[in-house]
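The following exercises concern one protein chain and its ligand. Each task is followed by a solution in steps.

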Amino acid sequence: MSIMITGGLGLIGSELCRLLVQKGEDVVVFDMACQNMNRIHDIEHNVKIVRGNLNSLIQIIDTVKNYKVDKIFHLGGMLSEACDRNPWESYQVNLLGTIHILEAARLFNVEQIIFASTQGTYAMGTKGNIDDFTIQRPTMVYGIEKLFCELLGKYYRDHYNIDFRSLRYPSIIGPFIKTPGVAQYNAWMIEHAIAGRNYKCPVQKDTINPIMYYKDAALAAYLLSCAERSRIYTVNYNIRGVSQVMSAGDLEIALQKYYPNFAVEYTITENPGLYKDFNIYSVDDSNACREWGWKPEYDTFDKLIRDFAEVVKAHRNTQETFNIISV
Ligand SMILES: NC(=O)c1ccc[n+]([C@@H]2O[C@H](COP(=O)([O-])OP(=O)(O)OC[C@H]3O[C@@H](n4cnc5c(N)ncnc54)[C@H](O)[C@@H]3O)[C@@H](O)[C@H]2O)c1
């Protein structure tokens with residue numbers, strides 16, 4: 001039996017892959033970007049890699065059947081701004097792709113699916129604290145798709161006994177992110193500071209956005225999957241990473257503690273509307289904490305920045321390679 005990770009070459013998927021390999025699991029990575037092994041170069045030979053597209057039911061069924069998959073971490077897909085730029089393609093990948101995963105699981109008795117959802121399932125006008133009972137009325141294609149998948153997964157859980165569970169991630173921060181768009185401004189600001197470069201930030205100084213370190217994102221997926229089924233009531237969970245929600249300006253000041261010469265110029269160049277009305281100040285993840293023991297390892301900005309800098313330092317020689325490959 002093996003564990004399949006869709007999007008296993010991406011930011012979160014590759015870290016999860018590393019975690020599962022360390023635990024001695026038999027891992028199958030399903031991803032369309034197989035020219036890009038950089039994030040798993042150290043464990044490339046410890047996992048099976050299948051080049052495939054989520055829009056193909058046949059490729060998914062073949063993988064599930066051939067590798068006797070009994071658990072799927074479904075992390076593959078298009079991210080927020082790509083979906084809004086190309087909704088039709090995103091329907092094939094994020095909607096149809098998830099339907100394919102659910103159907104393959106139903107047909108081939110896959111026990112469990114862990115799905116990566118997003119706090120983008122809340123409307124951009126959502127203000128203040130969110131919890132698992134806050135009404136989700138997403139206003140962007142990406143959030144609409146993710147909410148549909150959360151609900152469809154719950155349906156498959158209730159009707160076909162598939163152990164579907166999902167995580168609503170905040171903005172995930174990690175090194176070497178090349179996804180185009182403004183959504184990555186936190187990660188890029190940190191990476192610029194570490195590299196000794198000033199940063200042109202594409203959002204306003206007072207923009208706020210809850211963040212989580214990518215290693216915690218992988219850990220959360222792993223911990224959720226390990227929990228006893230009898231403990232899972234909420235099914236689709238909000239989770240918190242760094243406890244303090246900071247504005248872009250706060251992040252700049254926090255970075256200056258480590259890099260005193262670092263400076264940010266706020267130049268609203270593209271799609272500022274994405275974050276204009278995004279005002280989530282805190283995330284209540286008490287259901288995740290109570291039901292499956294969620295606790296982030298990088299719950300302060302200081303812990304995050306120290307590890308981020310270590311990872312960048314360790315990959316200094318391969319950074320050029322990261323830079324030329326777009327994920
Ligand atoms: N990064 C964030 O801030 C964030 C926030 C909330 C939720 N999420 C969700 O978490 C998951 C993982 O995000 P990430 O940050 O690792 O993204 P990523 O872009 O780094 O990784 C996604 C992976 O999916 C693969 N992929 C894309 N389209 C595919 C297709 N049609 N067929 C097969 N593979 C395909 C890509 O090649 C890539 O390796 C995604 O589902 C994303 O929506 C991410």
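Two residues are in contact when heavy atoms of theirs lie within 4.5 Å. The model is a predicted one: local features need pLDDT of at least 70, side-chain atom pairs count only at pLDDT 80 or more, and totals for chains, interfaces and linings use all residues. Residues are numbered from 1 along each chain as its sequence is written, and side-chain values use heavy atoms, with hydrogens and water left out.

**Exercise 1. Describe the overall fold of the protein chain.**

Step 1. Count the elements, where helices (H or I, at least four residues) and strands (E, at least two) are DSSP runs numbered from the N terminus. The protein chain has 12 helices and 13 strands.

Step 2. Assess the dimensions. The C-alpha trace spans about 55 × 45 × 40 Å along its principal axes. The radius of gyration, taken over C-alpha atoms, is compared with a globule rule of 2.2 Å times the number of residues to the power 0.38. For 327 residues a compact globule would have a value near 20 Å, and the 19 Å of the protein chain agrees with this.

Step 3. Examine the contacts and the burial. Of the contacts between residues at least 6 apart in sequence, 75% join residues at least 24 apart. Buried residues (under 20% relative accessible area; exposed is over 50%, partly exposed in between; 1.4 Å probe, protein chains only) make up 58% of the 327 residues.

**Exercise 2. Characterise the surroundings of the ligand.**

Step 1. Identify the shell, a residue being near the ligand if one of its heavy atoms lies within 4 Å of it. There are 25 residues around the ligand, and Leu11, Asp31, Asn53, Tyr142 and Ile172 come nearest.

Step 2. Sort the shell by class. Ala, Val, Leu, Ile, Met, Phe, Trp, Tyr, Cys and Pro count as nonpolar, Asp, Glu, Lys and Arg as charged, and the others, Gly among them, as polar. The shell holds 14 nonpolar, 9 polar and 2 charged residues.

Step 3. Assign the elements. Helix H1 (11-22), strand E5 (112-118), helix H5 (141-160) and strand E8 (171-173) each supply at least two residues. The largest share, 3 residues, comes from E5.

Step 4. List the short distances between polar atoms. A ligand oxygen is 2.6 Å from an N or O atom in the side chain of Asp31, and an oxygen of the ligand is 2.8 Å from a polar backbone atom of Leu11. A nitrogen atom of the ligand lies 3.3 Å from a backbone N or O atom of Met32. On its own the ligand has 830 Å² of accessible area (Shrake-Rupley method, 1.4 Å probe), of which the protein covers 93%.

**Exercise 3. Is Thr118 buried or exposed, and which residues does Thr118 touch?**

Step 1. Thr118 is found in strand E5. Its relative accessible area is 9%, so Thr118 is buried.

Step 2. Apart from residues up to four places away in sequence, Thr118 touches Tyr142, Lys146, Leu167, Arg168 and Tyr169. The side chain of Thr118 also reaches the backbone nitrogen of Gly120 at 2.8 Å.

**Exercise 4. Describe the setting of Glu150.**

Step 1. Glu150 lies in helix H5. With a relative accessible area of 1%, Glu150 is buried.

Step 2. Beyond four places in sequence, the contacts of Glu150 include Phe115, Ser117 and Arg168.

Key:
A residue is near a molecule or strand if one of its heavy atoms lies within 4 Å of it. A polar contact is a pair of N or O atoms within 3.5 Å; within protein, one must be able to donate a hydrogen and the other to accept it, and residues adjacent in sequence count only if both atoms are side-chain atoms.
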